[in-house]
Amino acid sequence: MAHPADSLMSVMGQCHCGAVSLAAEVNPARVFVCHCADCQVLTGSAFRVVAPVMPGSLQVSGNVKGYARTADSGAVRWQYFCPECGTPLYAGAPDGAGLTTVRVGVLAERDRLPPSAQLWRNSALPWVDGLRDVAACERQELLG
Ligand SMILES: [Zn+2]
Ligand SMILES: [Zn+2]
């Protein structure tokens with residue numbers, strides 16, 4: 001997914017408990033959202049947001065656990081997460097071959113990595129485009 005004309009960004013991130021940290025070079029022009037059913041379940045949320053990692057640039061410190069998921073296409077992808085806190089961190093192959101993607105939500109630079117594409121819109125939750133119209137508060141006043 002990398003393109004020679006795109007500029008790269010150095011990113012750093014860590015899981016919620018801090019046991020795992022990572023660094024990588026990503027392509028900020030290729031961040032995407034995936035609305036597929038697998039991503040909804042794997043994130044426990046409405047969609048997944050990832051950035052493609054430049055080959056060989058991902059550096060991980062701390063122990064991670066991998067979960068192999070076979071897609072309908074037959075392709076196997078490994079989802080890696082922190083075994084202590086469960087934070088999803090990245091996906092790819094154990095040997096680093098093929099596309100590796102990092103979860104944007106764990107990155108310190110996440111506010112500078114807006115998506116430029118949405119995949120699997122046919123399974124997007126119906127309210128995702130209407131969030132702007134949902135009652136909102138600065139913190140969590142609406143829970144009170
Ligand atoms: Zn953790
Ligand atoms: Zn997906």
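Strand β4 (residues 48-52) is largely enclosed by the rest of the structure, because four of its five residues are buried; buried denotes under 20% relative accessible area and exposed over 50%, with partly exposed in between, for a 1.4 Å probe and protein chains only. Strands (E, at least two residues) and helices (H or I, at least four) are DSSP runs numbered from the N terminus. The model is predicted: local features need pLDDT of at least 70 and side-chain atom pairs count only at pLDDT 80 or more, whereas totals for chains, interfaces and linings use all residues. Residues are numbered from 1 along each chain as its sequence is written, chains are lettered from A and ligands numbered from 1 in the order in which they are written, and side-chain values use heavy atoms, with hydrogens and water left out.

Strand β4 belongs to an open sheet of seven strands with mixed pairing, in the order β6-β7-β8-β9-β4-β3-β10; two strands pair if DSSP finds at least two bridges between them. The edges of this sheet are occupied by β6 (65-70) and β10 (117-119), each of which has a single partner strand, so one side of each is left without a neighbour in the sheet. On average, neighbouring strands of the sheet are turned by 30° against each other, direction ignored. For such angles, axes are lines fitted to C-alpha atoms, for helices over the stretch in contact, and angles run from 0 to 180 degrees between N-to-C directions.

The partners of β4 within the sheet are approached in the antiparallel sense. Strands β3 and β4 pair in this sense over three bridges, and F32 has V50 of β4 as its bridge partner. Three bridges also join β4 to β9, again antiparallel, and here V50 stands opposite R103 in β9. Strand β3 (residues 32-34) pairs with β10 in the parallel sense, over three bridges, with L119 of β10 as the bridge partner of C34. In the segment after β10 lies W120, whose phi is near 55°, a positive value in a residue other than glycine. W120 is exposed, with a relative accessible area of 52%.

The loop between β8 (88-92) and β9 (101-103) contains T100, which counts as buried at 11% relative accessibility. Leaving aside neighbours within four places in sequence, T100 is in contact (heavy atoms within 4.5 Å) with A51, P52, V53, L58, Y90, A91 and G92.

A further open sheet comprises three strands in the order β1-β2-β5, with antiparallel pairing. Its edge strands, β1 (9-14) and β5 (59-61), each pair on one side only. Neighbouring strands of this three-stranded sheet are turned by 15° against each other on average, direction ignored. Strand β1 is joined to strand β2 (residues 21-26) by six bridges, and the two run antiparallel; the bridge partner of G13 in β2 is L22.

Two zinc ions are described in terms of their donors, that is, N, O and S atoms within 2.8 Å of the metal (3.2 Å for Na, K and Ca); water is not among the atoms, so sites may look incomplete. The zinc ion (ligand 1) is coordinated by the SG atoms of C15, C17, C82 and C85, at 2.3 to 2.4 Å. The donor residues of this ion follow the spacing C-x1-C-x64-C-x2-C in sequence. C15 lies in the loop between β1 and β2, whereas C82 lies in the loop between β7 (76-81) and β8, so the pair ties together parts that are 67 residues apart in sequence. Both C15 and C82 are buried, the relative accessibility of C82 being 1%. The site of the zinc ion (ligand 1) is tetrahedral, with angles of 107 to 113° among its four donor atoms. Four donors count as tetrahedral if all angles lie between 85 and 135 degrees; four count as square planar and six as octahedral if opposite donors are over 155 degrees apart and all others between 65 and 115, and anything else is irregular.

For the zinc ion (ligand 2), the protein donors are C34 (SG), C36 (SG) and C39 (SG), which lie 2.1 to 2.2 Å from the ion. Along the chain these donors are spaced C-x1-C-x2-C. C36 counts as buried at 13% relative accessibility, and C39 is buried with a relative accessible area of 5%. With a disulfide defined as a pair of cysteine sulfur atoms within 2.5 Å, the count of disulfides comes to zero.
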